[in-house]
Amino acid sequence: MIEAAGSFDKLLADIPDALTSEESFLHEIKANTTLVHVKKGDYLLRTGELCLHAWFINKGLYINLYINDKGNEIVTGFSSDVYYPFLSAIGYFTQTPSDFEIKALEDGELLCFPRCFIEDLSLRYPLFARYYQNAMMTIIAKHYALFTIWQSSTTEEFITHLYEKYAWMVSRIPDKYIACYMGISNEWYCKLKKRLYKTEKLN
């Protein structure tokens, strides 16, 4: 149970007013949610584990990783306190051992929801079920939108797009992780950035 003042403010501002006005709903959320603090470099999920929780990001920056057969990290997505506020993995839905990992890139704070609680709450509060489903689908849609832009752009066009539309990403995520997401070396990414700044395509 959470006692920390203000730990629910961001979540409750996102949830429909019709739900937050119900005392029984608020009590259940607060009684069944755990406040989690993580340090930079901590993992919320490791390869092979079952994803039994979903998280709401109060603070912090997180990446989704896939470890290939050679042991190399492949970045598959980003989540932060300003974008993609819900965090989970595909294994949350399939209930199979995860092929992915979730790693904190900053010290952070999250609200942790057990999967069984989310399912039970969704059955008893249809409005919450719609809200949660929409939130998760929005996250998936945003991930695919960014991936589609990357696949349909040149490398320089994509970097320019990130600087124009995803300022939080380039200001907080280390270059090596953005380069990894793009499938290029960190050296090449930095060289392209330098070229774009020189030609004033980046501000």
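## Close-up views of a predicted model

**View 1. With a relative accessible area of 34%, Ile140 is partly exposed.** The model shown here and in the views that follow is predicted. Partly exposed is the correct term because 34% lies between the limits of under 20% for buried and over 50% for exposed. Ile140 belongs to helix α6. Together with Ile90, Phe93, Met137 and Tyr144, Ile140 makes a nonpolar patch on the surface, with an area of about 530 Å². Which helix gives the most to the nonpolar patch? The answer is α6, which supplies 3 residues.

**View 2. Helix α3, residues 23-32, has four named buried residues: Phe25, Leu26, Glu28 and Ile29.** Viewed down the axis of α3, the buried residues lie within an arc of 160 degrees, and therefore they line one face of the helix. A general rule helps in reading this view: an α-helix has 3.6 residues a turn, so residues three or four places apart point the same way. Glu23 and His27 are exposed, and they sit on the face of α3 that is turned away from its buried side. Against which elements do the buried residues of α3 pack? Their packing partners are the helices α1 (9-14), α2 (17-20), α5 (115-124) and α6 (126-151), together with the strand β8 (108-114).

**View 3. Strand β7, residues 100-104, is mostly covered, with 4 of its 5 residues buried.** Strand β7 pairs in the antiparallel sense with strand β2 (residues 43-45), over 2 bridges. Within this pairing, Leu45 has Ile102 of β7 as its bridge partner. Strand β7 also pairs with strand β4 (residues 61-67), again in the antiparallel sense, and here there are 5 bridges. Tyr62 is bridged to Ala104 of β7. As a general point for viewing strands, the side chains of a regular strand alternate between the two faces of the sheet.

**View 4. Strands β4 and β5 form a hairpin, with 5 residues between them.** Strand β5 comprises residues 73-80, and its pairing with β4 is antiparallel over 7 bridges. Ile67 has Glu73 of β5 as its bridge partner. In the turn, Gly71 has a positive phi of about 85 degrees.

**View 5. Ala104, a residue of strand β7, is shown with the residues that it touches.** Is Ala104 buried or exposed? Its relative accessibility is 1%, so Ala104 counts as buried. When residues up to four places away in sequence are not counted, Ala104 touches Val38, Lys39, Lys40, Gly41, Asp42, Leu61 and Tyr62. Tyr62 is also the residue bridged to Ala104 in β7. Leu123 lies 19 residues from Ala104 in sequence, and the C-alpha atoms of the two residues are 31 Å apart in space.

**View 6. Gln95 lies in the loop between α4 (91-94) and β7.** The phi of Gln95 is near 55 degrees, which is a positive value in a residue other than glycine. Gln95 is partly exposed, with 28% relative accessible area.

**View 7. Helix α9, residues 175-182, contains the buried residues Tyr177, Ile178, Ala179, Tyr181 and Met182.** What is the phi of Gly183, the residue found just after α9? Gly183 takes a positive value of about 80 degrees.

**View 8. Lys193 is located in helix α10, which covers residues 186-198.** Why does Lys193 count as buried? Its relative accessibility is 13%, and the term buried applies because this value is under 20%. Apart from neighbours within four places in sequence, the contacts of Lys193 are Ile159, Tyr163, Asp175 and Leu202. Trp168 is 25 residues from Lys193 in sequence, and their C-alpha atoms are 16 Å apart in space.

Note on methods
Residues numbered from 1 in each chain as written. Predicted model: local features only at pLDDT ≥ 70, side-chain atom pairs only at ≥ 80, totals over all residues. Heavy atoms only, no water. Buried < 20%, exposed > 50% of the residue type's maximum accessible area, 1.4 Å probe, protein only. Arc of directions from axis to C-beta. Contact = heavy atoms within 4.5 Å. Patch = residues over 30% accessible without salt bridge, like charges linked within 9 Å, V, L, I, M, F, W, Y side chains within 5 Å. Areas by Shrake-Rupley, 256 points an atom, 1.4 Å probe, with all protein chains shown as cover. Salt bridge = Lys/Arg side-chain N within 4 Å of Asp/Glu carboxyl O. Pairing = 2+ DSSP bridges.
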